[in-house]
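This report describes selected features of one protein chain. It is intended to be read with the sequence and the structure in view.

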Amino acid sequence: MSVIKSTDKFVHRHNGINKAEDLQQMLDTIGVNSLDQLIDETVPANIRLEGSLDLPEGQSEFEYLQKLKQLASKNKVYDSYIGMGYYGTITPAPILRNLFENPGWYTQYTPYQAEIAQGRLESLLNFQTMVSDLTGLPIANASLLDEGTAAAEAMSMFYGQKNKRSKTNEFNEIFVDSNVFDQTLDIIMTRAIPLGINVVVGDMDTYQATEHTFAVVVQYPGKDGKAEVPMDFVSAMREKNIFVVACADLLSLTLLKEPGAWGANAVVGNTQRFGVPMGFGGPHAAYFATEEKYKRVIPGRIIGVSKDKDGNKALRMALQTREQHIRREKATSNICTAQALLANMAAMYGVYHGPEGLKAIANRIHATTVLLGNKLTTLGFELNNRTFFDTLSLNIDTSTLEKVRHLAEERGINFFYGASEIRISVDETCFEDRMSRVLDVFEQIANKSVDRVWDLESVDAIPADTKRTSDYMLHPVFNSYHTESGIMRYLKTLENRDLSLTHSMISLGSCTMKLNAASEMIPVSWPEFSTIHPFAPKDQVTGYHLIIDELSKALCEITGFTDCSLQPNSGAQGEYTGLMAIRQYHISRGEAHRNVAIIPSSAHGTNPASAVMAGMKVVVVACDERGNIDVEDLKAKADEHKENLSALMVTYPSTHGVFETSIREICDYIHASGGMVYMDGANMNAQVGLTNPALIGADVCHLNLHKTFAIPHGGGGPGMGPICVNDHLAPFLPKHVFIETGGEQGTSAVSAAPFGSASILLISYGYIKMLGAQGLVDATKIAILNANYIKARLEGEYSVLYTGDNGRAAHEMIIDLRPFKAFVSAEDVAKRLMDYGFHAPTLSFPVAGTIMIEPTESEDLAELDRFCDAFLQIKSEIDEIARGDVDGQDNVLANAPHCLSLVTADEWNQPYSRSKAAYPLDYIRAQKFWPTIRRVDNAQGDRNLICTCPPLESYMEE
Ligand SMILES: Cc1ncc(COP(=O)(O)O)c(C=O)c1O
C-alpha cells in the first residue's frame with residue numbers, strides 16, 4: 001500500500017546538522033570515521049541500549065498539529081466557576097502575542113548575565129513591586145512555582161527562623177485554618193512530615209496556640225469566599241510571637257485591606273488571574289512577600305537594583321549567596337527554576353491595566369458577585385457567607401446539589417461541589433450572558449424567575465473595616481503603558497535588551513538550551529487546552545488525559561521505568577518527589593531509620609537541598625582527579641552508613657560532562673548496601689535512545705522537561721520535573737486531594753495541580769511525537785557530535801577539564817580558565833563573549849574558574865563555528881595580556897562588555913579601538929547584539945538591597 005507522506009521532516013528542522021558534507025567536516029575535525037564510532041567511543045558499552053525505542057515514527061509538523069486538534073476537541077471547554085485559586089482571565093492580546101507567544105521572551109535563560117538581561121530584569125522588578133504594593137510587605141521575590149508550594153516555603157522559612165536558637169526544634173507545630181485551599185493544605189502536610197512538623201487543622205476562631213506553635217496559615221479571602229480581616233486571631237498570634245502566613249488572592253487586594261497592614265509576616269499566592277490562562281493547572285507564577293528582616297532567607301530569586309561600572313542604574317539577581325547553589329544542604333529551600341515568564345505576563349497585565357484598571361476589574365467582579373448573590377437569595381437559596389470578594393457559598397442539600405450539577409453540566413458550566421455546599425467563583429470573563437446562564441440553572445431548580453438587571457454601579461458591599469484604604473502601584477511604570485501602542489513598544493524595548501535564542505546559541509552546560517519549536521509551542525495557547533480548570537471533572541478532559549497517558553508511557557519507555565508522575569513543577573521538585581518516594585518505600589519495609597543520602601561533591605546544589613527537605617542527612621562523596629565519582633570513597637561511605645543508607649543521588653552523565661564507566665558498579669554497591677539510586681536527569685539529553693537510567697541501575701529519575709524535552713526556559717521558568725520510577729517505587733508516587741492519581745501508598749501532593757503545569761506538557765509531547773523513535777536518538781547523537789566538535793576546535797588553545805576513557809566529551813564539556821587567572825577571570829571571559837554576541841556558558845559550575853559548554857543538537861555548523869571563532873579570538877586577546885602587549889588592567893576583557901553608550905560616546909578613553917571593542921570579528925557586523933549596560937556591580941547591589949522599582953525621583957535624576 002502506498003502512503004502519501006510529508007517530505008518535510010521535523011528532525012531536519014530540529015537538528016542543526018543535516019548536510020553530509022557538514023557531518024564529514026565535523027567527524028574529520030574530531031578525528032573519527034563515523035558518527036557511530038564517536039558514539040561508541042563516548043557511551044560505555046556496558047550501558048548501551050540494544051534495539052530502538054518502542055515509540056512511533058515521527059510526524060510532520062502539519063500532521064502533528066492536525067492530530068493534536070482532534071485530541072484537543074475531546075476536551076470540553078466549560079465555563080468554570082470552580083475557583084480554589086484558579087479563575088477565568090482575559091489575557092490582553094498584545095501580551096499574548098508579544099510576550100507569551102514570542103520566542104524573544106520565552107527562549108531567554110535565567111538572568112544570571114545581567115548585562116544582557118536588563119529587559120526581563122526590569123519586568124521582574126515590576127512584578128516584585130506590584131506584589132509588594134498589593135500585599136503591603138516590602139520584600140517580594142520574582143516568583144515561586146504555585147500557591148501551595150509557596151505556602152509550604154513560608155512554613156519552612158518560619159520553622160527555621162523560630163528554631164534558630166533551639167537545638168531540639170521545639171517549635172514544631174503549625175496551625176492551618178480549615179478555610180485554606182485543600183490543595184495547599186495537602187502540600188503543607190507533605191512537606192511537614194519529613195521535617196517533623198506537626199500540622200494542626202481547625203477553625204481559627206477556636207484554635208488555642210501551644211508553646212510549640214511557630215506559625216499559622218490563613219486564606220484571605222477564605223475558600224468559602226468569606227472576606228474578613230482576621231484581626232483578633234492575628235493579634236492574638238502576634239502577641240505570642242507566632243508567625244502569620246496569609247494565602248491571598250492578589251486581585252482581591254486591590255479592594256481588600258492588604259495583609260501587611262493587618263499583621264501578616266508573609267503573604268503568598270498565585271498571580272494566575274493576572275492574564276495567565278488556567279492551562280489545566282499551569283504554568284502560573286506564585287508570589288511570596290515578606291518583611292525586610294527575612295530578606296536573607298526568603299526562598300527563590302530576588303531581582304535587585306545596583307549600578308554598572310559607570311554608575312548607571314543596573315538590575316541584577318540579588319543576594320545569590322542565599323540560594324541552594326551556594327548553601328547546598330544548609331539551604332532553606334530547593335527552588336531553582338521558578339515561573340519567570342508567567343511572572344512577566346502577570347507584571348505586564350499590571351502595567352497594561354494600571355492600578356485603576358485592576359481596581360475596575362476587581363470592582364466589576366465583586367459587584368457581579370454581590371448581585372448574583374442577591375438574585376440567588378431572591379430565588380430562595382441560602383448563602384453561607386455574608387462577606388465575599390468573588391465567591392458565593394450556597395448551603396444546599398445533597399439531592400438538590402446533584403440536580404444543579406446535572407443542569408449545570410448540560411449547559412457547559414462547572415461549579416465547585418462540596419458535601420452540602422455549592423461554590424460559585426466569579427471572574428473577569430463573567431459578563432451578562434454567562435451570568436444569565438448560571439441563573440437559568442438555579443431558576444429551573446427553584447421553579448421561579450428573577451430579573452436580569454446588573455446595575456453594578458450601585459453596589460458597595462465591602463465592610464469598612466475590610467476595605468483597602470492605602471494606594472498602590474503609583475510608580476510611573478504602572479501608569480504609562482495603557483494603550484496598545486504603548487504596551488507593544490514597552491514590551492519590545494525590554495525584549496531588545498535581552499539576548500535569547502533568537503539571537504544566538506546559548507550553550508549553557510547542564511541547562512540544555514535547545515530549540516523550542518514553534519509547532520510545539522502553538523497548541524499551548526489553544527483554548528481547548530488553556531482555559532481548562534485543573535479540577536475539572538475527568539470526563540471533560542479526555543483529550544488531556546490521552547495526552548498525559550501517552551506522554552507518561554513515552555517517558556517510561558525513554559527512561560526504562562514503569563511508572564511516572566507528572567506532578568513536580570521543576571527539576572528540584574522532581575528530586576524532592578523522588579526522594580519522598582524512596583523515603584516511603586523504606587518506611588513501608590519497616591526501615592524508617594534509613595535516612596542517609598550520599599551525594600557526589602560535583603552535584604547540583606538542589607540535590608543536597610532536596611535531600612534535607614525530604615528529611616535526609618547528606619553525606620558527600622569525593623570525585624577523583626578525572627572528575628569521576630571516587631568509587632573507593634563511595635564504597636567506604638556506603639559501608640559506614642550501611643545501616644541507615646537511604647539513597648545515592650547521582651547525575652548521569654556527570655555534571656563534569658563524562659559518561660562514567662563505573663556507574664553500574666556504583667549502583668550495584670548502593671543496592672547491596674540497602675539503598676536506592678536516585679538519578680538527576682538534568683543530563684538526559686545525552687542518554688535518550690542510547691542508554692537509560694533503568695539500564696544504568698537507577699530506581700528513579702526526574703526529567704527536566706525544560707531541558708531535554710524542549711520546554712523553553714522562559715527567562716527562569718516555567719519548567720516541569722516529572723519523575724519516572726521502577727516497580728518498587730511506583731506505589732509511592734504522589735497523590736492529589738481532588739483527582740485520582742499517584743500510587744496506593746503515595747504521599748499527599750507535591751504541587752497544587754495534579755499534573756503540575758499541564759499545558760506545557762504539550763510541548764514535550766509534541767517534541768516526542770514529531771521526532772519519533774529514530775529522531776530522538778538522532779538528536780542525542782548530534783548533541784554529542786556538536787559537543788565533541790567544539791572540544792576538538794578549542795583544544796590546543798584551551799584545555800578540557802574532564803573526558804571519558806577514550807578522551808571524548810559527553811554532550812557538554814568543562815573548559816578550564818584557571819590557567820589564565822593571572823591575567824583574566826572566568827567572569828571576564830563570560831562578559832567578553834557578550835561583545836561577540838554570545839551568552840556565556842555555565843560559569844563556575846561545577847568547578848570554580850571554569851565554564852561548561854553544552855551546544856545541543858539544535859545548532860548548525862555555521863553557528864558552532866562562530867562560537868568557536870569567538871572563543872579562539874578571546875584566547876588571542878588573553879595571549880596579548882599574557883605577553884604584556886596590552887595593559888593588564890585596562891583591556892578588552894577587563895572592560896567587557898562594551899555597551900552601545902560607551903562605544904558611541906563622544907569621548908573614547910580606552911587603549912584600544914572602538915571596533916576592537918565592539919566588532920572583534922567580521923560576522924558581528926551583520927548581527928551585532930548590544931549589551932545595554934556596562935559590567936554590573938554585584939557587591940553594591942547586595943550591600944544596599946532595593947528590590948522594588950526605584951522611586952520617581954531617581955528617574956528624574958537620570
Ligand atoms: C544537574 C542539575 N540538577 C538539578 C537542577 C534543578 O532543576 P530545576 O532548575 O528545574 O529545579 C539543575 C538545574 O539547572 C541541574 O542542572
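## Aromatic pairs and helix packing

Trp 262 counts as buried, because its relative accessibility is 1%, and the cut-off for that class is under 20%. The model discussed here is a predicted one. Tyr 220 likewise has a relative accessibility of 1% and therefore counts as buried.

A search of the whole structure for aromatic pairs finds 32. Tyr 220 and Trp 262 form one such pair, with 4.9 Å from centre to centre and 70 degrees between the planes, an edge-to-face arrangement. The pair links distant parts of the chain, 42 residues apart: Tyr 220 belongs to strand β5 (residues 213-220), whereas Trp 262 is found in the loop between β6 (243-248) and β7 (266-270).

A further pair is made by Phe 280 and Tyr 544. Their ring centres are 4.4 Å apart and their planes meet at 25 degrees, so this pair is stacked; the cut-off for stacking is under 30 degrees. Phe 280 is located in the loop between β7 and β8 (286-290), and Tyr 544 in helix α18 (residues 542-559), so the pair ties together parts that are 264 residues apart in sequence. Both Phe 280 and Tyr 544 are buried.

Elsewhere, ring pairs join Tyr 798, Phe 820, Phe 838, Phe 867, Phe 871 and Tyr 923 into a cluster.

### Two helix pairs

The following table sets out the geometry of two packed helix pairs.

| Helix pair | Angle | Distance between axes |
|---|---|---|
| α19 (residues 571-588) and α20 (residues 606-613) | about 40 degrees | 9 Å |
| α2 (residues 20-30) and α24 (residues 761-794) | about 50 degrees | 8 Å |

With an angle of about 40 degrees between them, α19 is oblique to α20. The crossing of α19 and α20 is right-handed. On the side of α19, the contact is made by Ala 572, Glu 575, Tyr 576 and Leu 579; on the side of α20, by Thr 606, Asn 607, Ser 610, Ala 611 and Met 613. The residues of this contact between α19 and α20 comprise 5 nonpolar, 3 polar and 1 charged.

For the other pair, the angle of about 50 degrees makes α2 oblique to α24. Here α2 and α24 cross in a left-handed manner. Helix α2 contributes Leu 23, Gln 25, Met 26, Leu 27, Thr 29 and Ile 30 to the contact, and α24 contributes Leu 785, Asn 786, Asn 788, Tyr 789, Ala 792 and Arg 793. By class, the residues in the contact of α2 with α24 are 7 nonpolar, 4 polar and 1 charged.

### Two individual residues

Pro 283 is situated in the loop between β7 and β8. Its relative accessibility is 4%, so Pro 283 counts as buried. When residues up to four places away in sequence are not counted, Pro 283 touches Val 276, Gln 339, Leu 342, Pro 718, Ser 757, Ser 759 and Ile 760. The C-alpha atoms of Pro 283 and Ala 809 are separated by 35 Å, and the two residues are 526 residues apart along the chain.

Asp 633 has its place in helix α21 (residues 631-640). At 19% relative accessibility, Asp 633 also counts as buried, because the cut-off is under 20%. Apart from neighbours within four places in sequence, Asp 633 is in contact with Val 620, Val 621 and Ala 622. From Asp 633 to Met 84 the C-alpha to C-alpha distance is 50 Å, with their positions 549 residues apart in sequence.

Definitions and conventions: Residues are numbered from 1 along each chain as its sequence is written. This is a predicted model: local features need pLDDT of at least 70, side-chain atom pairs count only at pLDDT 80 or more; totals for chains, interfaces and linings use all residues. Side-chain values use heavy atoms; hydrogens and water are left out. Axes are lines fitted to C-alpha atoms, for helices over the stretch in contact, and angles run from 0 to 180 degrees between N-to-C directions. Helices (H or I, at least four residues) and strands (E, at least two) are DSSP runs, numbered from the N terminus. Angles under 35 degrees count as roughly parallel, over 145 as roughly antiparallel, 65 to 115 as roughly perpendicular and the rest as oblique. A crossing is left-handed if the near helix is turned anticlockwise from the far one by less than a right angle, and right-handed if clockwise. Contact means heavy atoms within 4.5 Å. Ala, Val, Leu, Ile, Met, Phe, Trp, Tyr, Cys and Pro count as nonpolar, Asp, Glu, Lys and Arg as charged, and the others, Gly among them, as polar. Rings of Phe, Tyr and Trp (its six-membered ring) pair if their centres lie within 6.5 Å; planes under 30 degrees apart count as stacked, over 60 as edge-to-face and the rest as tilted. Buried means under 20% relative accessible area, exposed over 50%, partly exposed in between (1.4 Å probe, protein chains only).
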